[in-house]
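This report looks at aromatic pairing, the nonpolar core and a few contacts. Start with the structure itself.

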Amino acid sequence: MTALVLAQGPKAYRGRQFDGEEPYCRVGDWIIFPRNEGTQFCCNKIPMQYIPDDCVLGVTPDPSIITRD
């Protein structure tokens, strides 16, 4: 699955498991994450999803090239 990162919480990429590492992604990045991960909700009728920072698998420059084949 792919998604556009719209925001990150103040505790994103903080904690013992991320010590000394750069954040995996930043606001504006397109990310790849496992299917059925996170919590889905709507905000002003726009579907959104909260994805835990440790579930981000990577960043892609072009989400249209990603498939589940």
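## Accessibility and the model

Buried means under 20% relative accessible area, exposed means over 50%, and partly exposed is the range in between. Tyr 24 has a relative accessibility of 36%, so it counts as partly exposed. The model is predicted.

## Aromatic pairs

How many aromatic pairs does a search of the whole structure find? The search finds 3. In one of them, Tyr 13 and Tyr 24 meet edge-to-face. Their centres are 5.2 Å apart, with 65° between the planes. Both residues lie in the loop between β1 and β2, so the pair ties together parts that are 11 residues apart in sequence.

Tyr 24 also pairs with Phe 18. Here the ring centres are 5.7 Å apart and the planes stand at 75°. Planes over 60 degrees apart count as edge-to-face, so the Phe 18 and Tyr 24 pair is edge-to-face. Ring pairs thus join Tyr 13, Phe 18 and Tyr 24 into a cluster.

Which members of the cluster are buried? Tyr 13 is buried, at a relative accessible area of 9%. Phe 18 is buried too, at 4%. Tyr 24, at 36%, is partly exposed.

## Nonpolar core

The largest nonpolar core has 10 residues. Tyr 13 and Phe 18 belong to this core. Its other members are Ala 3, Val 5, Cys 25, Ile 31, Phe 33, Ile 51, Cys 55 and Val 56.

Take Cys 55 from that list. Neighbours within four places in sequence are left aside here. Cys 55 is then in contact with Ile 32, Phe 33, Pro 34 and Glu 37. Of these partners, Phe 33 is also listed in the core.

## Met 1

Where does Met 1 lie? Met 1 sits in the segment before β1. Its relative accessibility is 38%, so Met 1 counts as partly exposed.

Met 1 and Pro 34 are 33 residues apart in sequence. Their C-alpha atoms are 6.1 Å apart in space. Pro 34 is among the contacts of Met 1, once neighbours within four places are left aside. The other contacts are Ile 31, Ile 32, Phe 33, Arg 35 and Arg 68.

## Ala 12

Ala 12 lies in the loop between β1 (2-4) and β2 (30-32). At 23% relative accessibility, this residue counts as partly exposed. Ala 12 and Tyr 50 are 38 residues apart along the chain. Their C-alpha atoms are separated by 12 Å.

Technical notes. Residues numbered from 1 in each chain as written. Predicted model: local features only at pLDDT ≥ 70, side-chain atom pairs only at ≥ 80, totals over all residues. Heavy atoms only, no water. Helix = DSSP H or I, 4+ residues; strand = E, 2+ residues; numbered from the N terminus. Buried < 20%, exposed > 50% of the residue type's maximum accessible area, 1.4 Å probe, protein only. Phe/Tyr/Trp six-rings, centres within 6.5 Å; stacked < 30°, edge-to-face > 60°. Core = buried A, V, L, I, M, F, W, Y, C linked by side-chain atoms within 4.5 Å. Contact = heavy atoms within 4.5 Å.
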